[in-house]
Amino acid sequence: MAGAFHRDNAEPQGGPARLVSRMVSRWPSVLWIVRHGESAGNVARDEARLAGLARIALETRDQDVPLSPRGVEQAEALGRWYAGLPREERPEAVLCSPYVRAVQTAEIIGRAGGLAPGAPAHCLDERLREREFGILDRLTTPGILELHPQQAELRAHVGKFYHRPPGGESWCDVILRLRSALDTLSLHYAGQRVIIVGHQVVVLCLRYLLEKLTEQEILAIDAQGDVMNCGVTEYRFDPHAGPSGGLALHRYNFTAPLVAAGAPLTAAADAPVAPK
């Protein structure tokens, strides 16, 4: 998945055929992983927490929660930043979670001129969706302790990396589907400049995979703070990263485009807040 060697038979004049090897990257040349802008679910979660409520007041499915007005502003700022790059450095492809807040973020980036000329519309990939929370969906941390104390106890025992709420997913489950998504990335987007628009846990789990981190290492990164809404995690292909090259981390949680545009910075966890 990291790279491949193509072998060509060359026939030098006056000599026998000799084997010439050249490396062809199977990774994107640049990969940006972007968390969606602030959503209405983030706002509802904050309101529920401040009021001490057990449940988050959301009328729609998590999949259908849109961006908040601040989230739209953040996505517009990021789109303008991409649009300010030279044409030959702008993204050529966008892979996107099918959740509305991620789709809206991708669409706004495109409308702002943030993609390379002729770049196709974003491609939806359900493997990039938010982690599923099962019976803990829409519950605040106090709500989980009140309504599902056994799940709270189990999560405390096994840890957030392995805990799978009934009907939901663990971080490991997310990682399993993202392994497949990375195979698709290397198969269809080699050498291209690609944006992935997803969710907080997707950003962290992709870091786990791309950097070959341990459970302890990725949880330590997570403990440092939430992934910022419209924060950018950037990888660039490095031919010296391993025997056949690979993607090397260039920057993480990059928010300078938002700061430069005066857009508000937010880092709230997505609505089902307990086990991220």
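Buried means under 20% relative accessible area, exposed means over 50%, and partly exposed lies in between (1.4 Å probe, protein chains only). The model is predicted: local features need pLDDT of at least 70, side-chain atom pairs count only at pLDDT 80 or more, and totals for chains, interfaces and linings use all residues. Residues are numbered from 1 along each chain as its sequence is written, and side-chain values use heavy atoms, with hydrogens and water left out.

**Exercise 1. Strand 4 and its partners**

Task: Work out which way the side chains of strand 4 point, and which residues are the bridge partners of valine 94 and cysteine 96.

Solution:
- Step 1. Fix the elements. Helices (H or I, at least four residues) and strands (E, at least two) are DSSP runs, numbered from the N terminus. Strand 4 covers residues 93-96.
- Step 2. Recall the rule. In a regular strand the side chains alternate between the two faces of the sheet.
- Step 3. Sort the side chains. Ala93 and Leu95 point one way, Val94 and Cys96 the other way, and all are buried.
- Step 4. Find the pairings. Two strands pair if DSSP finds at least two bridges between them. Strand 4 pairs with strand 6 (residues 193-198) in the parallel sense, over four bridges. Strand 5 (residues 123-124) also runs parallel to strand 4, joined by two bridges.
- Step 5. Name the partners. Valine 94 is bridged to isoleucine 195 in strand 6. Cysteine 96 is bridged to leucine 124 in strand 5.

**Exercise 2. The crossover**

Task: Which hand has the β-α-β unit of strand 4, helix 3 and strand 5?

Solution:
- Step 1. Apply the test. A crossover is right-handed if, with the strands pointing away from the viewer, the path from the first strand over the helix to the second runs clockwise.
- Step 2. Read the result. With helix 3 at residues 100-111, the unit is right-handed.

**Exercise 3. Salt bridges**

Task: How many salt bridges does a search of the whole structure find, and where do aspartate 62 and arginine 101 lie?

Solution:
- Step 1. Set the criterion. A salt bridge is a side-chain nitrogen of Lys or Arg within 4 Å of a carboxyl oxygen of Asp or Glu.
- Step 2. Count. The search finds 13.
- Step 3. Take aspartate 62 and arginine 101. Their closest N and O atoms are 3.2 Å apart. Aspartate 62 sits in the loop between helix 1 (40-51) and helix 2 (69-83), and arginine 101 in helix 3, 39 residues apart. Both are buried.
- Step 4. Take glutamate 234 and arginine 251. Their salt bridge spans 2.8 Å, N to O. It links strand 7 (residues 232-238) to strand 8 (residues 246-254). Glutamate 234 counts as buried because its relative accessibility is 0%. Arginine 251 is partly exposed because its relative accessible area is 26%.
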